[in-house]
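Please open the model in your viewer and keep the selection panel at hand. The stops below follow one another, each beginning with something to select.

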Amino acid sequence: MGSLPLYFFSIFKAPIGVIESLEKTRSRFLWGGNDEKTKIHWVAWKKIQAKKENGGLGVGSLRALNCALLMKWIWRLKGPLNSIWKSVIMGIHNIHRKPLSSLFKKSINGVWGNIVKVMGDIESLGIAPSNLFFVNVGNGEHTCFWTDVWIGSSPPSDRFPHIFALEKRKSAYIAERNCIDDFNAAWKRKPSTMVEADELSQIHSIINSTELSRERDSWRFTLAPDGEFRVHLIREYIDLKAVTVISLEFE
């Protein structure tokens, strides 16, 4: 029974009302209160949630835990193509012949659509979900040229917004854009302004310096030194953005 809440947190995005209710229960428990009797809360709950290094007790927020557990599914989606659960999700949403980025559209429904919504929550805290994952490019057949972070610290769509706006297939893979001839054929119209020409020149430099191999593209979690996804790391990172850090003082 004790693992049931954690299970639901790892599958469903909890409503704000549920999170707030659970946080109140945790707070009352800490100060020895209950539903019938409320005791004085000597320290603000956000201060309790903050990391010890920042003057808190390191309790963490349930919202961050919920987001971190759901983000683990995003990480798994970027794993091996032959996993059964991924095939099921792709089959349900009919994207077997489409890029994985199709699974991150806001129009996606069902359980997976509920999981994808967590990316919006993280963005509202000033965290770009795409920046949490970095690609080690192999054959370039499973990495989106524009929307994945595979060169630098941000996706090419952010670095070259004017050229990105002219792209016909915004979900194109690196392997499809690793030839200048292919790239020239991808525009809605030919780049004409100085800004567009400058961005195009930079993109050509990137393409010319990118060597593809026979190995499959692999992903790294940017918050971990070894590149492996860890729930506690992203939970702490979300809390760092969401929880106001104030020195621990009695009020």
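A disulfide is taken here as a pair of cysteine sulfur atoms within 2.5 Å, and by this rule the count comes to 0 disulfides. If you select C67 and C144 while you have the cysteines in mind, you will find that C67 is buried at 3% relative accessibility and that C144, with a relative accessible area of 3%, is buried too. Buried stands for under 20% relative accessible area, exposed for over 50%, and partly exposed for what lies in between, with a 1.4 Å probe and protein chains only.

Before going further, note that this is a predicted model, in which local features need pLDDT of at least 70 and side-chain atom pairs count only at pLDDT 80 or more, while totals for chains, interfaces and linings use all residues. Residues are numbered from 1 along each chain as its sequence is written, and side-chain values use heavy atoms, with hydrogens and water left out.

**The whole chain**

Switch to a cartoon view, where the protein shows 11 helices and 2 strands; helices (H or I, at least four residues) and strands (E, at least two) are DSSP runs, numbered from the N terminus. Read from the N terminus on, the elements run α-α-α-α-α-α-β-α-α-α-α-β-α. Of the 251 residues, 41% count as buried. Where contact means heavy atoms within 4.5 Å, 62% of the contacts between residues at least 6 apart in sequence join residues at least 24 apart.

**Helix α5 and the loop after it**

Select residues 84–92, which make up α5, and colour K86, I89 and M90, the buried residues of this helix. They cover an arc of only 95 degrees around the axis, which puts them on the same side of α5; the arc is that of the directions from the helix axis to the C-beta atoms. The face turned away from this buried side carries the exposed residues I84 and I92. Show α4 (62–77) and α6 as well, since what covers the buried residues of α5 includes both of these helices. Following α5 comes N94, whose phi is positive, near 55 degrees.

Move on to K106, in the loop between α5 and α6 (110–124), where a relative accessible area of 84% makes this lysine exposed. A distance drawn from C-alpha to C-alpha between K106 and G120 should read 9.2 Å, for a pair 14 residues apart in sequence.

**Helix α10 and a buried glutamate**

Next select α10, residues 194–209, whose 16 residues reach 23 Å from the first C-alpha to the last. That is close to the 22 Å expected at 1.5 Å a residue, the expected span being 1.5 Å times one less than the number of residues. The buried residues of α10 are E196, E199, L200, I203, H204, I206 and I207. They cover an arc of only 160 degrees around the axis, which puts them on the same side of α10. The face turned away carries the exposed residues M194, N208 and S209.

Which side chain of opposite charge is nearest to E199? It is R159, 9.5 Å away, and E199 is buried yet has no salt bridge. For charge, Lys and Arg count as positive and Asp and Glu as negative, with His and the chain ends not counted; a salt bridge is a side-chain nitrogen of Lys or Arg within 4 Å of a carboxyl oxygen of Asp or Glu. Leaving aside residues up to four places away in sequence, E199 touches R159, F160, P161, H162 and I163.

**The salt bridges**

A search of the whole structure finds 6 salt bridges, and three pairs are worth selecting in turn. Begin with R26 and E23, whose closest N and O atoms are 2.8 Å apart. These two are 3 residues apart in helix α2 (residues 16–30), and are therefore separated by about one helical turn. R26 is partly exposed at 23% relative accessibility, whereas E23 is buried, with a relative accessible area of 10%.

Now select E167 and R177, a salt bridge in which the closest N and O atoms are 3.2 Å apart. Both lie in the loop between α8 (161–166) and α9 (180–184), so the pair ties together parts that are 10 residues apart in sequence. E167 is buried, and so is R177.

Finish at D226 and R230, where the closest N and O atoms of the salt bridge are 2.7 Å apart. D226 is partly exposed, with a relative accessible area of 40%, and R230 is partly exposed at 31%.
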